Amino acid sequence: MEPALGILSIPSNSFVKICVICKQIHGSCTQCCKCSTYFHAMCASRAGYRMELHCLEKNGRQTTKMVSYCAYHRAPNPDTVLIMQTPLGVISTKSLLQTKKKTGSRLISSNRRKQDDPPVDNTEHEPFSAARCRIFQRTNHTKKRAADEAISHRVGGHYHHPLDAIQSLNTPRVVREPQSFSSFRERLYHLQRTENERVCFGRSGIHGWGLFARRNIQEGEMVLEYRGEQVRRSIADLREARYRFEGKDCYLFKISEEVVVDATDKGNIARLINHSCMPNCYARIMSVGDDESRIVLIAKTNVSAGDELTYDYLFDPDEPDEFKVPCLCKAPNCRKFMN
């Protein structure tokens with residue numbers, strides 16, 4: 001079994017400290033920056049202890065510093081468990097979703113210049129945006145919808161496009177299939193070169209644009225790689241806040257607790273794949289050596305040409321009700337929510 005990433009860099013004396021919250025000695029403890037109080041990071045998060053993530057930029061390089069406080073030096077508050085201080089402002093991870101009276105960003109305060117025009121609450125969303133980036137707003141079911149009220153999209157289930165329509169979207173390149181591969185990295189490179197022979201995009205019956213099979217795909221076959229820019233978790237949180245502040249769809253895929261793939265600006269066609277509670281694909285994180293991992297989408301069942309490709313996003317099911325994202329897959333075993 002491979003050791004946990006970064007565990008050898010933790011001081012050994014932090015494993016023998018007693019947590020002031022759970023009174024247990026196991027696990028690594030962090031220390032209050034003002035005193036010698038020790039506590040587990042998970043215990044501190046549940047107790048509402050304040051933790052600050054200072055993100056600074058000096059000489060073109062970004063540095064991140066974690067600062068923790070005990071209950072004596074900072075009053076516990078579950079709404080501000082983790083605070084990130086950046087050059088753009090102060091960001092709270094607990095206020096990801098705002099009400100209509102607030103903006104869609106997680107910025108609490110910022111020294112940026114205020115706009116002259118007040119923000120306009122636009123209820124009509126772009127129908128081609130990603131489903132995972134939509135902010136779920138609960139509707140008042142006691143109020144009947146007016147006849148002329150706009151409908152963002154209509155759900156019709158999976159689309160099965162004709163094969164002629166699939167082939168007319170773009171012409172695939174003819175690449176000879178090699179007999180064998182000397183390494184897994186070489187196999188991924190071949191998968192990247194030939195992905196347009198297997199998949200293409202089209203209008204989805206689930207949401208906006210989707211990913212479709214150009215030819216028949218066998219069960220267990222590698223479909224394509226989910227590519228993007230690999231960044232640290234703290235950088236991904238900052239980018240997600242910036243994307244939401246700018247009104248841009250974000251495509252983030254977590255590889256581990258430390259690494260996130262950002263496919264928003266530097267991703268491939270795999271980011272268009274939609275969620276389904278009965279998917280025909282699944283995502284697998286594979287190692288290519290040198291502490292580098294890649295995300296590969298693999299066919300879970302036999303997929304016919306023209307069928308829409310889907311996989312389970314596997315969002316955290318323990319999110320509060322106000323953070324729930326509705327599921328539109330219309331599968332027989334649909335969970336109604338993605339998380």
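Me: Which cysteine sulfur is closest to the sulfur of C43, and why is there no bond between them?

Reply: A disulfide is a covalent bond between the sulfur atoms of two cysteines. The criterion here is a pair of cysteine sulfur atoms within 2.5 Å. For C43 the closest cysteine sulfur belongs to C22, and at 3.8 Å it is too far for a bond. Please note that this is a predicted model, in which local features need pLDDT of at least 70 and side-chain atom pairs count only at pLDDT 80 or more, while totals for chains, interfaces and linings use all residues. Residues are numbered from 1 along each chain as its sequence is written, and side-chain values use heavy atoms, with hydrogens and water left out.

Me: How many disulfides does the structure hold, and how far is the sulfur of C33 from the closest cysteine sulfur?

Reply: The structure holds zero disulfides. The sulfur of C33 lies 4.9 Å from that of C32, its closest cysteine sulfur, which is too far for a bond.

Me: Is C43 buried or exposed?

Reply: Buried means under 20% relative accessible area, exposed means over 50%, and partly exposed is in between (1.4 Å probe, protein chains only). C43 has 18% relative accessibility and therefore counts as buried. C33, with a relative accessible area of 41%, is partly exposed.

Me: How many aromatic pairs does a search of the whole structure find?

Reply: Rings of Phe, Tyr and Trp (its six-membered ring) pair if their centres lie within 6.5 Å; planes under 30 degrees apart count as stacked, over 60 as edge-to-face and the rest as tilted. The search finds six such pairs. One of them joins F39 and Y49 edge-to-face, with 5.2 Å centre to centre and 80 degrees between the planes.

Me: Where do F39 and Y49 lie in the chain?

Reply: Helices (H or I, at least four residues) and strands (E, at least two) are DSSP runs, numbered from the N terminus. F39 is in strand β2 (residues 38-39), and Y49 is in the loop between α1 (41-47) and β3 (51-58), so the pair links parts of the chain ten residues apart. Both rings belong to buried residues: F39 has 0% relative accessibility, and Y49 has 11%.

Me: What kind of aromatic pair do F201 and W209 form?

Reply: F201 and W209 are edge-to-face, 5.5 Å centre to centre with 75 degrees between the planes. F201 is partly exposed at 33% relative accessibility, as is W209 with a relative accessible area of 29%.

Me: Which charged residue sits over the ring of W209?

Reply: A charge sits over a ring if NZ of Lys or CZ of Arg is within 6 Å of the ring centre and within 35 degrees of the ring normal. The charged end of R203 occupies this position over W209, 6.0 Å from the ring centre. Elsewhere, R74 lies over the face of Y69, at 4.1 Å from the ring centre.

Me: What is the order of strands in the open sheet of four strands?

Reply: Two strands pair if DSSP finds at least two bridges between them. The order is β8-β9-β17-β14, with mixed pairing. The edges are β8 (199-203) and β14 (274-275); each has a single partner strand, so one side of each is left without a neighbour in the sheet. Strands β9 (residues 209-213) and β17 (residues 308-311) pair in the antiparallel sense over two bridges, and L211 stands opposite L309 in β17.
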